[in-house]
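The following exercises train the reading of a protein model, from single residues to whole sheets. Each task is followed by a solution in steps.

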Amino acid sequence: MKKFECIVPCHFGLEAVLKREIIDLGYEITSVEDGRVTFLGDAEAVCRANVFLRTAERILIKIGSFHAETYDDLFEGTKALPWEEWIPKDGKFWVAKAASVKSKLFSPSDIQSIMKKAMVERMKSKYHIEWFAEDGERFPIRVFLMKDEVTVGLDTTGDSLHKRGYRKLTAKAPIAENLAAALIMLTPWNKSRILVDPFCGSGTFPIEAALMAGNVAPGMNRNFLSESWGHLIAKKEWYDCIDEANDLIDFSEMPDIQGYDMDGEMVRISRENAKLAGVEQYIHFQKRSVEQLSHPKKYGFLITNPPYGERLEEKASLPAIYTALGERYRALDSWSLYMITSYEAAQQYIGRKADKNRKIYNGMMKTYFYQFMGPKPPRRT
């Protein structure tokens, strides 16, 4: 079966988590760069990566790469790629996104326009037609320029992989599902331990944790652009992949996962989203302020995305919120606290320095993942 080089973008700072996921799926990593991991795989791998990877943004098949310092270089390099091997003559094709870092060519719109013209010229000569109806399946292209090296990928995913299909309703500043999953995976939490999110918003952390606890593949209830590319990926590959995902679901051990929010409407939204994800029976959502945070059991985890105060009028409330979180955390004997925030004074008001602090880019926003680690529970006899 034909081997592809698959490029998998992710949040900056979380490449190691994605790399581990891909290795666990059984594939060979060829490179790790800022914001993306590349691996080798066949058509089955494209399906499995789309369905099973929790921390990825999308799966691209690498079409090729070349050096370009001028727009002529870009045109000729694009034209030299074997587009006819990927896109049928009725396919709708366009450069959906162009990103440039430390390169002489930096205008996304110009890069997109010139590459489209080059693709048309190549396919004219190969299909011996002058005009393309583009009324067939969609083939979006994504291109990265780094230090004048152009990497071209065909997007197999469509809507970003963070869109699992369950979050129809959101909070004001929701955390992306794939980012929430990655942050949980950076902690030692497992389904035998308690997990509480005291600022649950639309429920993303608890829902992602419940999906992990039941070994539910994040992409098994959504569609992907490449499902209709029969000339590249047989339908059977997708059916086999979903059968595999169904076989792996296991809720034999009930997890203890809870989500609190002071806004009753957000609690209602969280419950609705959990229901859409099929995990509502495994999560307890409750209207509760951070000042009321408590739990009778030991060795639990607080994993949360507290308010950042991005709006000026909200900044004034942050010291009280983080002080209350710090006080309630200290009262939770032997618990661990993991939180993502852009608030620079977070540690000051929590009342202690984090054991670990990881810089992560949430979109274009620089945030910190603060890790306050509690003791490990005694081994079960």
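**Exercise 1. Two loop residues with positive phi**

Task: In the predicted model, state where Glu 134 lies, and decide whether Glu 134 and His 128 are buried, partly exposed or exposed.

Solution.
Step 1. Glu 134 is found in the loop that runs between helix 4 and strand 6. His 128 belongs to the loop between helix 4 (108–127) and strand 6 (138–146).
Step 2. The backbone angle phi of Glu 134 is near 55 degrees, which is positive although the residue is not glycine. For His 128, phi is likewise positive and near 55 degrees, again in a residue other than glycine.
Step 3. A residue is partly exposed when its relative accessible area lies between the limits of 20% and 50%. Glu 134, with a relative accessible area of 21%, is therefore partly exposed.
Step 4. Exposed means over 50%. His 128 has a relative accessibility of 68%, so His 128 counts as exposed.

**Exercise 2. A histidine in a loop**

Task: Determine whether His 11 is buried or exposed, and list its contacts beyond the neighbours within four places in sequence.

Solution.
Step 1. Locate the residue: His 11 sits in the loop connecting strand 1 (4–9) with helix 1 (15–25).
Step 2. Buried means under 20% relative accessible area. The value for His 11 is 8%, so His 11 is buried.
Step 3. With the neighbours within four places in sequence left aside, the contacts of His 11 are Glu 57, Ala 176, Asn 178, Leu 179, Tyr 361, Asn 362 and Gly 363.

**Exercise 3. The geometry of helix 8**

Task: Check the length of helix 8 (residues 264–277) against the expected span, and explain how its buried residues are arranged around the axis.

Solution.
Step 1. The expected span is 1.5 Å times one less than the number of residues. For the 14 residues of helix 8 this gives 20 Å, and the end C-alpha atoms are 20 Å apart, which agrees.
Step 2. The buried residues of helix 8 are Met 266, Val 267, Ile 269, Ser 270, Asn 273, Ala 274 and Ala 277.
Step 3. Viewed down the axis of helix 8, these buried residues fall within an arc of 160 degrees, so they line one face of the helix. An α-helix has 3.6 residues a turn, so residues three or four places apart point the same way.
Step 4. The cover over the buried residues of helix 8 includes helix 6 (204–213), strand 9 (257–261) and strand 10 (283–287).
Step 5. Inspect both ends. At the start of helix 8, a side-chain oxygen of Asp 263 comes within 2.9 Å of the backbone nitrogen of Glu 265. Just after helix 8, Gly 278 has a positive phi of about 80 degrees.

**Exercise 4. The sheet that contains strand 1**

Task: Give the strand order of the open sheet with strands 1 to 7, and explain why one side of strand 2 and of strand 5 is left without a neighbour in the sheet.

Solution.
Step 1. Seven strands make up this open sheet in the order 2-3-1-4-7-6-5, and the pairing is mixed.
Step 2. Strand 2 (28–33) and strand 5 (92–101) are at the edges, each with a single partner strand, so one side of each has no neighbour in the sheet.
Step 3. Strand 1 and strand 3 (residues 36–41) run antiparallel and are joined by six bridges; Pro 9 stands opposite Arg 36 in strand 3.
Step 4. Strand 2 and strand 3 also pair in the antiparallel sense, over five bridges, and Ile 29 stands opposite Phe 39 in strand 3. Two residues lie between the strands of this hairpin, where Gly 35 takes a positive phi near 80 degrees.

**Exercise 5. A buried threonine in strand 12**

Task: Establish whether Thr 341 is buried or exposed, and identify which side chain it joins in a polar contact of 2.8 Å.

Solution.
Step 1. Thr 341 is part of strand 12.
Step 2. Its relative accessible area is 0%, so Thr 341 is buried.
Step 3. Not counting residues up to four places away in sequence, Thr 341 touches several residues, among them Pro 307, Tyr 322 and Tyr 368.
Step 4. The side chains of Thr 341 and Tyr 322 are joined by a polar contact of 2.8 Å.
Step 5. Thr 341 and Tyr 368 are 27 residues apart in sequence, and their C-alpha atoms are 5.5 Å apart in space.

How values were computed. Residues are numbered from 1 along each chain as its sequence is written. This is a predicted model: local features need pLDDT of at least 70, side-chain atom pairs count only at pLDDT 80 or more; totals for chains, interfaces and linings use all residues. Side-chain values use heavy atoms; hydrogens and water are left out. Helices (H or I, at least four residues) and strands (E, at least two) are DSSP runs, numbered from the N terminus. Buried means under 20% relative accessible area, exposed over 50%, partly exposed in between (1.4 Å probe, protein chains only). Contact means heavy atoms within 4.5 Å. The arc is that of the directions from the helix axis to the C-beta atoms. A polar contact is a pair of N or O atoms within 3.5 Å; within protein, one must be able to donate a hydrogen and the other to accept it, and residues adjacent in sequence count only if both atoms are side-chain atoms. Two strands pair if DSSP finds at least two bridges between them.
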